[in-house]
Structure formats: structure tokens, C-alpha cells
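Me: I'd like a close look at one part of this molecule, please. Could you walk me through it in a connected way?
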Amino acid sequence: MKTFRIKAYAKINLGLDVLRRRPDGYHEVKMIMQTVDLYDDLEFTKLAEDEIRIFTDKEELPADQGNLIWRAAARMKELYQISEGVSVKLTKRIPIAAGMAGGSADAAATIHAMDALFCLGLSLEEKQKIGVKLGADIPYCLMRGTALSEGIGEKLSTIPAMPSCYILIAKPNIHVSTKWVYTNLVLDEHTNHPDIDGMLASMKKRDLLSLSNQIGNILESVTIPAYPQIAAIKECMLQNGALGSLMSGSGPTVFGIFDDKDKAMAAKEKCRELPYRCFVFVTDLYR
């Protein structure tokens, strides 16, 4: 095999709670993760030269060590003493810096691709051990689907699949620093934590309405006061048929849950009318 093509799927956080800040600087989290059918395309080709070359359709993306694809490929080459190089062509569809794990998904795809191209025969667990040292979301992106994520994101449990629905995604044209959000998160006795266990119970019952009413993201307490357009997008979705709406990850992407595709498409047009230059997209769940 000289060429390998793979899709890197985006995720949303149906629930995101931060339990504590650890002495090592990481945060202990409890999250419900869901893969959606929005993806980047990656094409990997073996090179005779010992190089890693990245070609993207987005000028703002680095093509060197600043790209997680490069770091994942370099780590695989180092671990498994791969002397050949690899060329990567990336077609980017997941919004950049959006709270949808686009970079982590690309890194996960790279680990899968290097395993396939060089016939390493790695298990998912082995890949996840490599991925977690590159980024906390990568083990989940290797796994995909619906999962409970704990620890710093590396402890993953399969949970009942999210009930079928349509997801409206809207990313305003702003940049939110993940580091800034976590640095400014206040965790004390007054902190309002989302009910992750209640969400899990609703998913077990396959109750989409109950789940939609319970979705929550503790990071909104930091991001929304600084970026009120996030709250405005949520309200637009809710006023136009969303069963629930939430910021994904550290933002600024907002998603809405719909039980009807026509409603989701109509809400998409309403979000487009907002003065925030939103990237908007209707999708369903990755299965």
C-alpha cells in the first residue's frame, strides 16, 4: 500500500464538566462526546525520502511541527523506526479553532493512516496510548462514536448511542483561546456543574427531549460573558425549533439539536442572517 485515504470526523460535547484543576496543570473532566458527520479528508502517500510533507487547502494552517498531523506522523516514525517519509494532503472542512477537535481528529487519522501504510498492526488501545501524549482529545477521536470521557480525556467508556437527530452547527468568525478559557474558569462551591449523570440516564432511555433539556457546558460560564454572540446564536437556534443548544468545547462553535431536518435547515438560514459571519452546517450523527 502506497496511498491511504481517511476521513477525520469532528465532535461535539453534549456535556462538559470540569471537576478540578490538577497539580500538573491539566484539568480533571467529565464529558459526553459525540462524533458528527462533518469531516476533513486526508490522503497519505509514502515517500522514499525521510520527510514529512503537509499540503493543505487553508493557508493559515502550518505545514510543519506546528501541525498535529506532522507531530503524529513524526511520533509514529520515531516509535516504530520508520525510515520512509510520508506526504499528507489535507482538505479541511471542520472549522479551525472551533471547539470541535478538528486538529485532534486529523492527528487521530494520521495515527490510523501510519498504522495502515506501514502495516504496524496496532490495536486501538495502543494507538490511544500514542495519541494521549499528543493531545487529550485524540484518544476519543481514534475511537469515535458516543463516549463518556474522564480523567484528562484519556479514560473513555462506550455509552448508549445518542438518539437519532439532526445537528445544526454554527461557528461565528471569532477566535477563542482554549488556554484562556481554562485559565479563567472558576471552580468553587458556587460553580454550577452540568448534570452528566442525568444526561447518561436520558441517553439510556433514548429520550432525545430530556437529553436536549439537560445538555450543559461549564466553560460557557467563561466564554459567553466575553463573547455574547455565542448566547445570541444559541437563542436563535432555540427560537427556531432546536430542542437544545450548547457551545461545543471551549467554543466558539454552537450546536443545536433538532428532531426534524426541515426545522434544522430553516434554523440554518436564520443563523446565516445573524451579523456574525457564521459558518453554518446541518449534519447528522456519525455511526
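At what angle do the axes of helix 2 and helix 3 cross?

Reply: Happy to take you through it, keeping in mind that this is a predicted model. Helix 2 spans residues 102-117 and helix 3 covers residues 124-132; their axes cross at roughly 130° and come within 10 Å. Two packed helices are described by the angle between their axes and the distance between the axes, so that pair of values is a good place to start. Angles over 145 degrees would count as roughly antiparallel and those from 65 to 115 as roughly perpendicular; helix 2 and helix 3 are therefore oblique to each other. Their crossing is right-handed.

Now for the side of each helix that takes part. Helix 2 brings Ile111, His112 and Asp115 to the contact, and there they meet Lys127, Ile130 and Gly131 of helix 3. By character, the residues of this contact divide into 2 nonpolar, 2 polar and 2 charged.

For some surroundings, you can also look further along the chain, at an open sheet. Its 4 strands follow the order 9-10-7-11, with antiparallel pairing. Strand 9 (244-247) and strand 11 (279-284) stand at the edges with a single partner strand each, so one side of each has no neighbour in the sheet. On average, neighbouring strands here are turned by 20° against each other, direction ignored. At one of those edges, strand 9 runs antiparallel to strand 10 (residues 254-258), and 4 bridges join the two. Within this pairing, Ser245 stands opposite Gly256 of strand 10.

Technical notes
Residues are numbered from 1 along each chain as its sequence is written. This is a predicted model: local features need pLDDT of at least 70, side-chain atom pairs count only at pLDDT 80 or more; totals for chains, interfaces and linings use all residues. Side-chain values use heavy atoms; hydrogens and water are left out. Axes are lines fitted to C-alpha atoms, for helices over the stretch in contact, and angles run from 0 to 180 degrees between N-to-C directions. Angles under 35 degrees count as roughly parallel, over 145 as roughly antiparallel, 65 to 115 as roughly perpendicular and the rest as oblique. A crossing is left-handed if the near helix is turned anticlockwise from the far one by less than a right angle, and right-handed if clockwise. Contact means heavy atoms within 4.5 Å. Ala, Val, Leu, Ile, Met, Phe, Trp, Tyr, Cys and Pro count as nonpolar, Asp, Glu, Lys and Arg as charged, and the others, Gly among them, as polar. Two strands pair if DSSP finds at least two bridges between them.
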